[in-house]
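Please open the model in your viewer and keep the sequence panel beside it, since this tour moves from one selection to the next.

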Amino acid sequence: MKKTTTNSRILHVFVVMSILFLVLIGYMSYFELRGKSSLMSNSYNRRLKAYEEGIIRGTIFDRDGEVLAITKIKNGVTTRSYPYKRLYSQVIGYSNDMLGKTLLEAQYNDTLLGLNALGVVGNTMSLITGEPKTGNNLILTIDHDLQTRARELIGDKRGAIVAINPKTGEILAMVSTPDYNPNESALDENWDYLTTDENSPLLPRAVLGLYPPGSTFKVVTAVAAIKKGLDDFQVEDTGSVVIDGKTFTNAGDKVYGTLDMISAMTVSSNVYFTTLSEKLGGRALVSTAEKAGINKKLNFDIPTSKSKINTKIKSDTELAATVIGQGKLLVTPLQMALICAGIANDGVIMKPYLVKSVSDRNGEILTTTFTKKLYRFTDAKTANQVTDMMVEVVKNGTGKRAAISGINVAGKTGTAQNEKSSQGGYDHAWFIGFAPADDPEIAIAVLLENQAEDGGQVAAPIARKLMNLWLNK
Amino acid sequence: MDKFVDANSKNNKAISPVHLVALVDIGLFALLSIRTGVFEPFIMILGGTKIVLTYTMYLILKKLKMGDPYIALIVALLASLGLTMQLRLSTEVGTKQFIWFLLGMGIFFVTTFIYHYFHKRIRAIWLFYGLMLSLFILTLIVGVRINGAKNWIIIGPFSFQPSEFIKILFVYFMASFVSNPEKLEVELKGQKITSKWILMGLVFVLLGFFVLQREFGTALLVFMVYISTLYVFEKAVLFSVINISVAGAAAFMAIQVLPHLQTRVTTWLHPFADIAGKGYQITQSLFAIGSGSFFGTGVGLGYPQFIPNVETDFIFSAICEEMGIFGGIAVIILFMLLVYRGMKICLLLRDPYTKVVAFGLTTTAGFQTFLIIGGVTRVVPLTGVTLPFVSYGGSSLVSSFLILGLLQALSGSILREESFNDEKNHNKQ
């Protein structure tokens with residue numbers, strides 16, 4: 001009797017020890033699959049540097065093969081060179097021995113070094129042949145001409161421009177200013193200034209900057225209203241309306257008389273849309289905004305901020321402010337470009353991407369990014385209705401300066417109050433638009449921070465010039 | 001009758017595991033000998049020696065029916081991984097390790113052959129305790145501080161770590177207690193004090209000595225073996241709970257007052273808080289394991305040398321980096337098998353004394369493996385014990401092979417003796 005219990009207790013201990021060993025195996029598997037992802041890029045991981053030694057980092061090209069970033073070897077010392085200096089700093093970022101890596105250089109580090117599965121064959125070959133190891137190349141969706149022009153047009157203003165192919169989600173141009181020269185010597189020299197300047201020149205505003213969208217958001221409001229069957233809603237615009245004790249007025253205190261939705265959009269009437277908001281309700285607006293990706297984390301080739309709308313709009317005043325793009329609502333320029341692209345593409349927002357394909361050292365294409373639907377923003381009929389409104393905006397309304405002769409351009413202007421403008425500074429100027437309206441090839445969002453003139457005056461012409469360039473290419 | 005070979009093995013056409021060990025050796029040593037691009041015949045000679053030794057060992061154990069033929073093979077495989085990793089890290093250290101390995105094999109055989117002459121004669125609980133105490137005191141007097149812990153004795157060109165042998169003595173101490181608890185009974189002022197309370201006092205004194213020498217890992221290991229033995233052989237649940245509570249309270253107080261113990265806990269909980277200093281080692285270990293991923297970088301293609309003390313405490317991280325966590329999991333499974341075979345021996349033995357010895361040796365090897373692998377993967381705080389048969393170090397390797405030799409002897413001559421006695425008794429009746 002005694003012996004059997006002793007033996008069964010021995011088995012208990014054996015079971016406990018086996019469990020301890022299995023815990024180790026389980027934890028190690030978890031660590032490889034999930035746990036390690038956040039810590040491997042730590043700068044104390046000397047392996048990262050050790051792996052890089054002796055590997056020639058891959059080249060980054062634009063969509064037509066223009067070299068945007070390349071590693072040069074001089075006297076055995078490799079340096080990362082950016083021939084267009086600041087032009088791509090807010091897309092490609094930098095790869096710097098001391099300062100680390102950002103944006104595409106960081107996100108695609110393994111690909112550029114050939115350290116992931118794609119690089120194994122090539123690097124195993126070079127082990128045998130003795131050639132230096134070479135990483136893989138990135139071919140971007142960006143068009144160098146469009147990018148250059150966009151950067152010229154924004155000049156020394158602070159802001160962002162995002163141009164996207166609405167049918168595929170390819171990013172054609174993406175500019176954020178202020179920007180910086182990512183080449184090693186310039187970066188080292190200016191580092192203190194870059195990290196402390198109040199204008200945050202290291203911030204890629206197009207993807208990380210959060211702004212009130214202003215009247216460009218009326219596009220989303222219109223989609224929500226049409227879905228709720230408010231297509232025929234009319235308002236007698238007397239220049240101002242009081243909602244729950246707060247007065248809303250039109251820009252320049254204009255009075256428009258009887259307005260339907262299309263004419264209200266054309267003149268960007270605040271009175272119309274704030275009055276509409278009482279019929280629309282907060283829940284309908286928020287759910288439409290969320291269908292366009294607001295309040296959702298966007299997986300993109302570089303880090304993005306989450307655009308935000310308050311899901312619990314408390315008062316009618318707050319709702320009225322939100323439908324005209326103020327209130328507790330913040331978006332990235334990329335988000336507005338996606339909304340615009342969704343309207344252009346019959347209500348479907350395609351997944352945006354920057355890396356078109358990856359090639360090896362011989363230029364052989366290894367992988368190509370597939371286009372993918374990201375969100376079903378709205379149905380095609382609604383999208384076309386809103387397109388018609390946006391065409392009117394450019395033909396006869398606030399967006400006239402975006403008009404291109406012979407081509408139907410759709411657009412919406414915005415002038416957004418912000419923290420600075422409430423302290424006596426200027427509003428942000430917005431324009432979103434796409435062309436040609438019936439078969440869109442390019443959708444654009446332009447944001448200019450704190451401009452004396454409104455979106456229709458400063459942002460729309462930039463969009464026009466870029467659309468014109470792209471459509472004539 | 002051979003209890004360790006399956007009944008159907010006569011007709012079993014499967015390849016004998018010894019060939020598999022040889023195959024692994026050929027692969028590992030061949031790869032190692034060409035890793036720098038230049039063929040190194042020296043490595044192949046070491047590999048050849050290892051293979052010949054493995055076959056010799058296996059055939060001797062098999063032909064002379066010296067018990068479980070598998071435990072030594074499991075160890076042979078672990079030793080292969082250890083030797084190749086050590087040679088890969090540094091030919092010099094690897095060669096030294098090879099010499100220790102040869103010595104370890106010698107000790108294994110000697111122990112296996114002669115152990116049964118001794119095991120009945122020395123069963124003196126106070127002798128074992130006295131030996132442990134003298135080793136402790138000797139270390140405190142002539143000990144040398146290496147890496148902050150005063151736990152080395154240096155005699156001429158040799159240095160050794162007494163704690164590696166104290167943990168084996170402790171197993172014998174526990175076995176003596178279980179078989180003859182009355183020897184610990186003390187009469188104090190006419191009051192009899194039950195032997196288990198004396199035992200508890202003696203064990204806690206030992207633990208105190210370990211802590212004094214900053215051997216927290218070995219202290220924890222010995223305590224785990226102690227509690228397991230109490231659970232299995234004393235069936236004293238309440239007493240075990242009291243022991244655990246007292247030890248827990250003592251550990252808690254020790255953490256408050258001993259800064260180096262505190263450091264171990266904080267670096268375990270927040271390894272990245274002081275990554276340049278105290279958290280450096282463990283984070284480097286995690287980087288190594290992470291960069292190896294599932295299949296490893298390949299032997300010679302990783303950077304395990306970035307981890308301080310990689311050849312001793314962190315050898316498992318090096319294996320994970322270059323052989324992947326599949327390599328690491330293989331090591332864990334080998335230890336699991338070793339523990340399984342050890343427990344099987346323990347189950348077959350009938351004499352309580354030998355049973356406790358088998359149990360104690362097996363749990364010592366098993367818990368030690370868990371503590372160090374758990375430590376380098378940050379599952380438990382790092383306590384700085386070695387990975388048996390794999391970590392670099394003479395004391396560690398010799399004591400590991402001593403444990404193996406003892407288990408081998410228990411599974412062979414001792415077990416045979418027991419069955420023979422049983423039969424004799426049976427015939428008498």
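## Starting with chain B

Select chain B, where residues 24 or more positions apart account for 72% of the contacts with a separation of 6 or more. Bear in mind throughout that this is a predicted model. Colour chain B by secondary structure and you should find 14 helices and five strands. A surface display of chain B exposes about 17900 Å², with carbon and sulfur atoms supplying 68% of that area, and of its 429 residues 53% count as buried.

## A helix pair in chain B

Next, select residues 195–212 and 216–234 of chain B, which are helix α7 and helix α8, and look at how they pack: the angle is about 160 degrees and the axes lie 8 Å apart. An angle over 145 degrees counts as roughly antiparallel, and α7(B) and α8(B) are therefore roughly antiparallel to each other. The crossing in which α7(B) passes α8(B) is right-handed.

Now show side chains along the contact. From α7(B) come L199(B), M200(B), V203(B), F204(B), L207(B), F210(B) and V211(B), and they meet F216(B), T218(B), A219(B), V222(B), F223(B), Y226(B) and L230(B) of α8(B). Sorted by class, this contact of α7(B) with α8(B) holds 13 nonpolar residues, one polar residue and no charged ones.

Before leaving the pair, select R214(B), in the loop between α7 and α8 of chain B. Most residues other than glycine have a negative phi, but R214(B), although not a glycine, has a positive phi of about 60 degrees. With a relative accessibility of 30%, R214(B) counts as partly exposed.

## Moving to chain A

Switch the selection to chain A, which has 17 helices and 23 strands. Its 473 residues include 56% that count as buried, and its accessible surface comes to about 20400 Å², with 51% belonging to carbon and sulfur atoms. For contacts in chain A with a separation of 6 or more, residues 24 or more positions apart account for 67%.

Select residues 218–227 and 282–291 of chain A to bring up helices α9 and α12, whose axes come within 9 Å and cross at roughly 120 degrees. α9(A) passes α12(A) in a right-handed crossing. On the α9(A) side the contact is made by V220(A), T221(A), V223(A), A224(A) and K227(A), and on the α12(A) side by A284(A), L285(A), T288(A), A289(A) and K291(A). By class, the contact of α9(A) with α12(A) has six nonpolar, two polar and two charged residues.

Follow the chain from α12 into the loop that leads to β15 (308–309) of chain A, and select N295(A) there. N295(A) is not a glycine, yet has a positive phi of about 70 degrees, and with a relative accessible area of 21% N295(A) is partly exposed.

## Two cis bonds and a buried valine

Go now to P178(A), in the loop between β10 (171–177) and α7 (184–196) of chain A, where the peptide bond from T177(A) is cis, with omega near 0 degrees. A further cis bond runs from A435(A) to P436(A), with omega near -20 degrees; P436(A) is in the loop between β22 (427–435) and β23 (442–451) of chain A.

Finish at V409(A), in the loop between α15 (380–396) and β21 (410–416) of chain A. Is V409(A) buried or exposed? V409(A) is buried, because its relative accessible area is 3%. Leaving aside residues up to four places away in sequence, V409(A) touches M390(A), V391(A), V394(A), A402(A), I404(A), F434(A), A435(A) and M467(A).

Key: Residues are numbered from 1 along each chain as its sequence is written. Chains are lettered from A and ligands numbered from 1 in the order in which they are written. This is a predicted model: local features need pLDDT of at least 70, side-chain atom pairs count only at pLDDT 80 or more; totals for chains, interfaces and linings use all residues. Side-chain values use heavy atoms; hydrogens and water are left out. Axes are lines fitted to C-alpha atoms, for helices over the stretch in contact, and angles run from 0 to 180 degrees between N-to-C directions. Helices (H or I, at least four residues) and strands (E, at least two) are DSSP runs, numbered from the N terminus. Angles under 35 degrees count as roughly parallel, over 145 as roughly antiparallel, 65 to 115 as roughly perpendicular and the rest as oblique. A crossing is left-handed if the near helix is turned anticlockwise from the far one by less than a right angle, and right-handed if clockwise. Contact means heavy atoms within 4.5 Å. Ala, Val, Leu, Ile, Met, Phe, Trp, Tyr, Cys and Pro count as nonpolar, Asp, Glu, Lys and Arg as charged, and the others, Gly among them, as polar. Buried means under 20% relative accessible area, exposed over 50%, partly exposed in between (1.4 Å probe, protein chains only). Accessible areas come from the Shrake-Rupley method with a 1.4 Å probe; for residues, only the protein chains shown count as cover.
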